[in-house]
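User: I'm new to this and would like a close look at one part of the model, with enough of its surroundings to see where it fits. Could you talk me through it?

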Number of protein chains: 2
Amino acid sequence: MRNADLREIRALSLFRDMDEDHFARLMRGAYHHSFPPQMTLIEEGRPADFLHIVTDGAVELFAGWNGRETTMAVVRPVSAFILAACINDAPYLMSARTLVGSRIVMIPGTDIRDSFANDAGFAQAIVRELARYYRSVVRHTKDLKLRSSKERLAAYLLKHSRNVEAPEFDLPIEKRLLASYLGMTPENLSRALKGLRDDGVTVEGHKVRIGDPARLTALARPTTLIDGPDRSGSVEDGPSPRIAAS
Amino acid sequence: MRNADLREIRALSLFRDMDEDHFARLMRGAYHHSFPPQMTLIEEGRPADFLHIVTDGAVELFAGWNGRETTMAVVRPVSAFILAACINDAPYLMSARTLVGSRIVMIPGTDIRDSFANDAGFAQAIVRELARYYRSVVRHTKDLKLRSSKERLAAYLLKHSRNVEAPEFDLPIEKRLLASYLGMTPENLSRALKGLRDDGVTVEGHKVRIGDPARLTALARPTTLIDGPDRSGSVEDGPSPRIAAS
DNA sequence: GGCGGGAGTTGATTCAGGTCAAATAAGCCG
DNA sequence: CGGCTTATTTGACCTGAATCAACTCCCGCC
């Protein structure tokens with residue numbers, strides 16, 4: 001594994017407080033692979049053999065049932081995913097596929113479980129990480145249960161705008177993916193975007209401009225109890241953690 | 001605190017592996033109170049001062065936004081709730097209220113955080129607990145995003161039937177609560193229940209009989225990746241953990 | 001530059017599920 | 001037991017969102 005990669009991974013909150021030896025051992029057992037776009041990395045229901053970390057690219061977490069499919073999250077570098085299944089040595093609840101060409105670190109679950117049993121710093125980091133994930137899913141669920149699709153969309157746009165710190169931005173993901181994440185059909189997303197014109201939102205291709213933030217805010221009524229600030233697990237938002245971590 | 005209570009709490013997976021001294025110290029700082037029905041214990045948005053454990057009764061976790069409200073889970077004895085907020089020293093994402101008269105142990109968050117920093121066994125138990133919570137919310141979200149309300153209801157009935165190990169049972173919670181948990185209105189739940197008559201389900205008051213499990217299964221298509229087997233965080237199901245833990 | 005294919009849009013229509021209002025049914029308490 | 005309050009059901013109606021189908025656009029590729 002490249003040293004730069006190692007440094008990046010080491011800088012992750014998950015590994016930052018880990019004992020140096022343990023970290024080195026963990027990395028020795030790890031693989032670092034490149035994958036083409038649209039490559040399935042994980043199938044839900046399979047045993048959780050590896051903890052995965054995206055170091056480059058983007059990964060979609062999704063779930064299916066009875067022929068239907070829904071996007072649960074998009075994971076950007078540098079972050080880990082499916083930690084919970086791995087810790088519990090339980091089957092994955094979500095599938096994962098690359099959205100674009102991506103590099104992924106894979107650490108054997110047994111190694112993770114060993115380290116977490118022997119390294120208090122690591123155990124604590126995992127706790128904090130899991131707590132963040134948990135809260136992030138709770139927020140997503142609240143979003144789904146409490147807001148209409150138009151409100152969810154408005155809240156999403158505001159959040160992204162806040163994260164990139166600009167009233168005008170490119171949508172970071174395909175619209176059909178965003179639709180799936182927000183729990184609606186692509187058709188409905190298209191209409192919802194048009195519906196937001198009355199609230200000062202202009203859309204051209206993937207360019208979005210929030211012309212009247214106050215107005216959109218009145219519609220979305222954002223709150224940290226649903227919309228953040230933690231970012232993990234949510235669909236795509238702003239300055240890569242890489243920047244924060246380096 | 002009564003010794004019987006202490007023993008019950010100690011038997012929780014969260015505290016089982018904890019150092020004896022640490023546990024004793026934790027319990028010394030804890031309060032054990034009785035609360036009347038419909039008493040709000042926690043308001044979302046407030047700082048997470050205490051870890052709560054229900055030792056008797058039942059507690060609803062719910063969330064609100066913009067005048068709407070939704071049930072996220074019902075917690076039965078003996079289990080802890082809002083662990084994640086507590087660990088992160090972050091605001092509660094959910095409110096909590098007693099459904100019936102309940103006894104609640106409250107442990108100061110600072111004590112929890114101390115113990116978790118100093119007791120490896122405790123830290124590991126927390127990890128496992130959080131991972132379970134996380135997976136449980138992910139399942140709930142998948143349920144919401146992938147199934148129709150009728151399918152969710154069917155799956156819920158099957159799951160509960162499996163948990164109580166009987167084709168006939170009493171609904172463990174009020175229907176309006178169940179409706180809210182399942183993400184529908186009480187009116188719609190009522191109609192959905194009637195709609196399941198075609199699938200062999202008979203309802204009288206809170207008595208439910210699954211006449212044709214095969215048929216209901218064909219509709220609900222239950223899967224462990226959505227419906228269990230872990231129970232934590234879900235709405236009400238079957239033999240109290242107290243039995244398992246004693 | 002022309003072609004092929006997927007993404008996105010649009011329109012027409014359907015349907016699940018929500019809303020509103022009123023009628024019952026169940027509890028609960030004095 | 002009777003009276004009240006709150007849950008549940010029912011009916012009528014409405015609406016948000018899904019579906020189906022056609023069409024356009026964009027983009028990569030030959």
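Analyst: Here is a close look at two helices, followed by their DNA surroundings, the chain contact and the sheets.

Some ground rules come first. Residues count from 1 along each chain as its sequence is written, while chains get letters from A and ligands get numbers from 1, in the order in which they are written. This is a predicted model, so local features need pLDDT of at least 70 and side-chain atom pairs count only at pLDDT 80 or more, though totals for chains, interfaces and linings use all residues.

Let's start with helix H8 (residues 175-182) and helix H9 (residues 186-195) of chain A, whose axes come within 8 Å and cross at roughly 95°. That crossing makes H8(A) roughly perpendicular to H9(A). (Angles of 65 to 115 degrees count as roughly perpendicular, under 35 as roughly parallel, over 145 as roughly antiparallel, and the rest as oblique. Axes are lines fitted to C-alpha atoms, for helices over the stretch in contact, and angles run from 0 to 180 degrees between N-to-C directions. Helices are DSSP runs of H or I with at least four residues, strands are E runs of at least two, and both are numbered from the N terminus.)

Who does the touching? On the H8(A) side, the contact uses Lys175(A), Arg176(A), Leu178(A), Ala179(A) and Leu182(A), and on the H9(A) side Pro186(A), Asn188(A) and Leu189(A). (Two residues are in contact if their C-beta atoms, placed from the backbone, lie within 7 Å.) Sorted by type, these contact residues are five nonpolar, one polar and two charged. (Ala, Val, Leu, Ile, Met, Phe, Trp, Tyr, Cys and Pro count as nonpolar, Asp, Glu, Lys and Arg as charged, and the others, Gly among them, as polar.)

Now look at the DNA. There are 16 residues around DNA strand C, and Lys175(A), Arg176(A), Ser190(A), Ser148(B) and Asn188(B) come nearest. (Near a strand means a C-beta atom, placed from the backbone, within 6 Å of it.) The elements giving two or more residues to this surface are H8 and H9 of chain A, plus helix H7 (149-164) and helix H9 (186-195) of chain B. H9(A) gives the most, with five residues. By type, this surface has two nonpolar, six polar and eight charged residues.

DNA strand D also has 16 residues around it, with Ser149(A), Asn188(A), Lys175(B), Arg176(B) and Ser190(B) the closest. Two or more residues each come from helix H7 (149-164) and H9 of chain A, and from helix H8 (175-181) and H9 of chain B. Here the largest share, five residues, belongs to H9(B). The surface near DNA strand D divides into two nonpolar, six polar and eight charged residues.

How are the two chains related? Chain A can be laid on chain B with an RMSD of 0.0 Å, using a turn of 180° and a shift of 0.0 Å along the axis. The copies are thus related as by a two-fold rotation axis. (They are superposed by least squares on the C-alpha atoms of residues with pLDDT of at least 70 in both.)

The chains also touch each other: the contact takes 41 residues from chain A and 42 residues from chain B. On chain A's side, H6(A) gives the most, with 20 residues. That side is made of 23 nonpolar, nine polar and nine charged residues. Since 100% of the interface residues of chain A are also interface residues in chain B, the copies meet through the same surface.

Finally, the sheets. In chain A, four strands form an open antiparallel sheet in the order S1-S8-S3-S6. Strand S1 (31-35) and strand S6 (79-81) of chain A are at the edges with a single partner strand each, so one side of each has no neighbour in the sheet. Strands S3 (residues 50-56) and S8 (residues 102-108) of chain A run antiparallel, joined by six bridges. (Strands pair if DSSP finds at least two bridges between them.) Val54(A) stands opposite Ile104(A) in S8(A).

In chain B, S1(B) and S8(B) pair in the antiparallel sense over five bridges, and His33(B) has Ile104(B) in S8(B) as its bridge partner. Six bridges join S3 (residues 50-56) and S8 (residues 102-108) of chain B; there, Phe50(B) partners Pro108(B). Helix H5 (residues 109-118) of chain B packs on the sheet, touching S3 and S8 of chain B, and its direction makes about 60° with that of S8(B).
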